[in-house]
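The following report describes the fold and the side-chain contacts of a single protein chain. The sequence and the coordinates are shown first.

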Amino acid sequence: MTEPSNPLWGFSIPTTPTQKNYRPTHRVQWHKGAMAWDMSYMSTIGIFGKENIVQNILKDIGLTQESLWAERGGRWRAGVVHWSGNLSRKVKNATQPIGPATIIWNPSEATESSEADKPPRQLLIRIHPSAFSETFNELLRLVKAYKPRPYIQDLRHEIGSIDVTGPDATEALLGVLKPYDSSSKDWHASSFEGLVGLRDPASLLLGALLAFSIVDPRLKYPPRKVPPPDPETDYLSQRRLLESIAVFRKERASSPYQLLTATSASKPRNCPLRDLSTVVAAMTGPGTPLEPSSADPPIPIMLLASRNGDESWIQDPGRSFFRGSVSYLCGIA
């Protein structure tokens with residue numbers, strides 16, 4: 001762990017594992033179980049402005065692939081999926097790499113206005129803190145060349161994240177995250193609840209994304225285990241899982257994500273754990289879940305499925321297996 005007097009990227013971060021958790025964590029990651037760790041030190045940058053101007057800025061920082069701006073990249077620009085790749089900047093006549101990043105568009109409201117009257121678009125850039133200063137300064141330099149000038153936000157201390165990996169990562173999330181509204185109108189929440197039995201998030205569509213609001217997990221403490229269906233006997237559950245996975249490939253209109261709106265991020269959620277424990281003990285018995293009241297606002301979150309490949313774990317160098325992980329983004333009040 002780095003010393004508070006000498007932080008790494010502005011945070012106290014563990015740099016080496018201990019002997020007693022080194023082997024169990026690797027066993028959990030690849031065989032059985034799930035492993036979660038705090039990734040809130042990852043930096044987040046927000047861009048808000050006219051869509052054509054924001055697109056030009058993204059091209060200036062390395063997003064020059066034709067597929068991103070053609071019909072194939074329409075789902076990404078609509079905010080249905082996220083994109084992960086490398087950013088770069090131009091230095092004289094050369095291109096200098098910055099680092100890997102994840103970019104998420106916020107869906108816009110469906111309007112029939114002309115190109116000039118379209119509402120501004122918003123997106124998030126998630127990047128490693130070691131490359132934050134270079135990326136932020138490059139964006140500040142680029143926005144000065146456009147009018148109207150896009151708005152750049154430093155969201156490092158506004159959005160936190162947790163990475164969960166392992167065969168039981170989805171099961172762990174299903175036991176902790178309870179949608180605030182699981183009605184059929186919110187297909188993000190209903191699709192998440194339909195992933196019971198998913199052993200590997202890498203089987204989802206590349207760049208899969210779910211954004212919805214959850215109940216404060218402390219109201220449902222302790223979390224209940226969600227038993228996965230038996231693949232050899234429970235054929236109906238397996239069919240529902242396949243249908244839920246297929247939903248990610250359908251064209252669906254999405255409304256703006258609550259996590260990326262200023263109104264939801266500014267809602268107060270300052271309820272100390274001690275006060276909440278007193279409320280739970282007074283209203284119900286120990287271990288009894290509480291239903292959210294008007295004093296418990298929904299907590300907006302976003303789930304990103306990613307694919308991680310590591311050939312060092314494979315004996316045959318000609319084969320590469322991918323193990324999926326889930327990134328859990330949430331607002332910090």
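Which side chain meets that of Arg121 in a salt bridge? In this predicted model, the partner of Arg121 is Glu51, with an N to O distance of 3.4 Å. Arg121 belongs to strand β5 and Glu51 to helix α2 (residues 51-60), so the pair ties together parts of the chain that are 70 residues apart in sequence. Arg121 has a relative accessibility of 5% and therefore counts as buried, the limit being under 20%. Glu51, with a relative accessible area of 22%, is partly exposed.

**Overall character of the chain**

The chain has 333 residues, and buried residues make up 44% of them. Its secondary structure comes to 10 helices and 10 strands. Among contacts with a separation of 6 or more, 73% are accounted for by residues 24 or more positions apart. The chain exposes about 19300 Å², of which carbon and sulfur atoms supply 54%.

The average pLDDT of the chain is 79, and 79% of the residues score at least 70. Over residues 309-323, the pLDDT is below 50; this stretch nevertheless has 25 contacts in the model beyond near neighbours in sequence.

**Salt bridges**

Side chains of opposite charge can pair when their charged atoms come close. A search of the whole structure finds five salt bridges, including the three tabulated here.

| Pair | N to O distance | Relative accessibility |
|---|---|---|
| Arg121 and Glu51 | 3.4 Å | Arg121 5%, Glu51 22% |
| Arg89 and Glu134 | 2.7 Å | Arg89 22%, Glu134 26% |
| Arg156 and Asp154 | 2.8 Å | Arg156 31%, Asp154 34% |

The side chains of Arg89 and Glu134 meet in a salt bridge. This pair links distant parts of the chain, since Arg89 lies in strand β3 and Glu134 in helix α5 (residues 132-143), 45 residues apart. Arg89 counts as partly exposed, and Glu134 is likewise partly exposed. For the salt bridge between Arg156 and Asp154, Arg156 counts as partly exposed, as does Asp154.

**Strand pairing around β4**

Strand β4 (residues 94-106) pairs with strand β3 (residues 83-91) in the antiparallel sense, over nine bridges. Within this pairing, Asn86 stands opposite Pro100 in β4. The two strands form a hairpin with two residues between them, and Lys92 in the turn has a positive phi of about 55°.

Strand β4 is also joined to strand β5 (residues 121-127), by six bridges, and these strands run antiparallel. Here Ala101 stands opposite Ile127 in β5. The strands named above also supply salt-bridge partners: Arg89 lies in β3 and Arg121 in β5.

**Nonpolar cores**

In soluble globular proteins, nonpolar side chains tend to be buried together. The largest nonpolar core has 53 residues, of which Leu58, Leu63, Trp76, Leu87, Ile103 and Ile125 touch the most other members. The largest share of this core, five residues, comes from α5. A second, separate core of 11 residues includes Leu155, Ile159, Met302 and Leu304.

Which residues are in contact with Ile125, leaving aside its neighbours within four places in sequence? The list comprises Ser43, Thr44, Ile45, Ile47, Ile61, Leu87, Ala101, Thr102, Ile103 and Leu139. Two of these partners, Leu87 and Ile103, are themselves named with Ile125 as residues that touch the most other core members. Ala101, another contact of Ile125, is the residue that stands opposite Ile127 in the pairing with β5.

**Further long-range proximities**

Ile301 lies in strand β9 (residues 299-309). Is Ile301 buried or exposed? With a relative accessibility of 1%, Ile301 counts as buried. Ile301 and Leu259 are 42 residues apart in sequence, yet their C-alpha atoms are 6.0 Å apart in space.

Arg224 lies in the loop between β8 (209-214) and α8 (235-247). At 40% relative accessibility, Arg224 counts as partly exposed. The C-alpha atoms of Arg224 and Val176 are 7.5 Å apart in space, while the two residues are 48 residues apart in sequence.

How values were computed. Residues are numbered from 1 along each chain as its sequence is written. This is a predicted model: local features need pLDDT of at least 70, side-chain atom pairs count only at pLDDT 80 or more; totals for chains, interfaces and linings use all residues. Side-chain values use heavy atoms; hydrogens and water are left out. Two strands pair if DSSP finds at least two bridges between them. Helices (H or I, at least four residues) and strands (E, at least two) are DSSP runs, numbered from the N terminus. A salt bridge is a side-chain nitrogen of Lys or Arg within 4 Å of a carboxyl oxygen of Asp or Glu. Buried means under 20% relative accessible area, exposed over 50%, partly exposed in between (1.4 Å probe, protein chains only). A nonpolar core is a set of buried Ala, Val, Leu, Ile, Met, Phe, Trp, Tyr and Cys residues joined through side-chain atoms within 4.5 Å. Contact means heavy atoms within 4.5 Å. Accessible areas come from the Shrake-Rupley method with a 1.4 Å probe; for residues, only the protein chains shown count as cover. pLDDT is the predictor's confidence in each residue, from 0 to 100.
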